[in-house]
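Student: I'd like to go through the salt bridges in this one. Can we take them pair by pair?

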Amino acid sequence: MERRAAAVGAMPVGHDRASDEIVWRPNDDYVRRSRLRRFMNAQGVASFEALLERAATDPAWFWDATIKDLDLQFYTPYTSVLDQSRGLPWTTWFPGGEYNWVHNAVDKYAAGPQATKTALIWEGDDGAKRQLTYQELRAEADRLAGALAALGVAKGDRIGIFMPMLPETVVATIAAGKLGAIYIPIFSGYGAESVATRLRDAEAVCLITADGFYRRGGIVPMKATADAALATAPTIKHVVVCRRLGDGRAAMAAGRDVWWDEIVAGQPAEFATAHTAAEDPFMIIYTSGTTGRPKGALHIHAGFPIKAVHDLAYCFDVQEDDVVFWLSDLGWMMGPWLIFAALINQAAMALYVNAPKDRAFGEFVERAGVTMLGLVQI
């Protein structure tokens, strides 16, 4: 399959886009296969310019057509696409509808013919490798959701996820959505106070972390950082620890800390996904805080995930046989974006924990069969 790459980010100062040379043009077969072209044909739209104009003047038409084209399934159909009765800044989306992004990312595929299709390809700094199918990914998320529910975590509760990009990190985000809980992605390189600030602000009741992880040939003692953060995050009642190192270095606080593998043992591989309303929140993602106190943006089930799948389908033309890799951490916006966008589009996602180091990075991209590579220019 033809490979594609995307480099996204701020352009150099003084860069003139108009002077860029066109380095690649799609052939006729590629254009015919294009998801955007198929969408336009189905809607009877003759040109891209016409599509832009109609989408801008009639967003209700555009997003309703997009929902149907992408087969985004609602538990309860929406009564209208958007409601602007309170004014444009307070628009509500898909009123009356029940929608959970997890159903569209894993549940519907795990129960269908795509169940054994690869959903996740991961490689760690120490050479460890794992792959999960859609069916396996759902089963792991269901077990964790059941374990969290047994701890008392419920719909609307806030869960901090302070982890590197492991398979368990994806599982944790899905499990939170299954519960109808709200998760807070936290950059794996943060210090204790940065972690604590986000947990305090969101009044999180649970933190999911790892005992540590490998990076650049060394060990990052993540659990120790989490423990220091929890000294000033009094709302946390439970800490779930993933054994990435498994070397016994992580101190466990009795009555608060539990090992991931122990609490999921014996949990059933099926957990009913919560029927959340379209506007129910599922994530609070924070700014870096480099210019002041970190600010949290609250995202809804039928918001960010739908826009993410739209972007990857129509702007990047990702299809079911693609492998998508965006070099990111969960605490950066592109981490959650990758999870929603790749899975809902039935593509496989690739995760790489190590820092990109020329040859090793390229070799991972080759081994994983990445067909869409995303980087950020900084």
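Student: Which aspartate does lysine 178 form a salt bridge with?

Tutor: Keep in mind that this is a predicted model. The closest N and O atoms of the pair are 3.0 Å apart, and a salt bridge needs them within 4 Å. Lysine 178 sits in helix H7 (residues 167-179) and its partner in helix H5 (residues 101-110), so the contact ties together parts 71 residues apart in sequence. The partner is aspartate 107.

Student: Are lysine 178 and aspartate 107 buried or exposed?

Tutor: The cut-off to use is relative accessible area, and under 20% is the class that applies to both residues. So lysine 178 and aspartate 107 are both buried.

Student: How far apart are the closest N and O atoms of arginine 244 and aspartate 126?

Tutor: This pair links distant parts of the chain, 118 residues apart, with each residue in a loop between two strands. Arginine 244 is buried at 15% relative accessible area, while aspartate 126 is partly exposed at 41%. Their closest N and O atoms are 2.7 Å apart.

Student: Which residue of the salt bridge between aspartate 280 and lysine 155 is exposed?

Tutor: The two lie in loops 125 residues apart in sequence, and their closest N and O atoms are 3.3 Å apart. Aspartate 280 has 19% relative accessibility, so it counts as buried. The other partner has a relative accessible area of 51%, and the exposed residue is therefore lysine 155.

Student: How many salt bridges are there in the whole structure?

Tutor: Some share partners: Lys223, Asp227, Arg256 and Asp257 are joined into one network that way. A search of the whole structure gives a total of 22.

Conventions
Residues are numbered from 1 along each chain as its sequence is written. This is a predicted model: local features need pLDDT of at least 70, side-chain atom pairs count only at pLDDT 80 or more; totals for chains, interfaces and linings use all residues. Side-chain values use heavy atoms; hydrogens and water are left out. A salt bridge is a side-chain nitrogen of Lys or Arg within 4 Å of a carboxyl oxygen of Asp or Glu. Helices (H or I, at least four residues) and strands (E, at least two) are DSSP runs, numbered from the N terminus. Buried means under 20% relative accessible area, exposed over 50%, partly exposed in between (1.4 Å probe, protein chains only).
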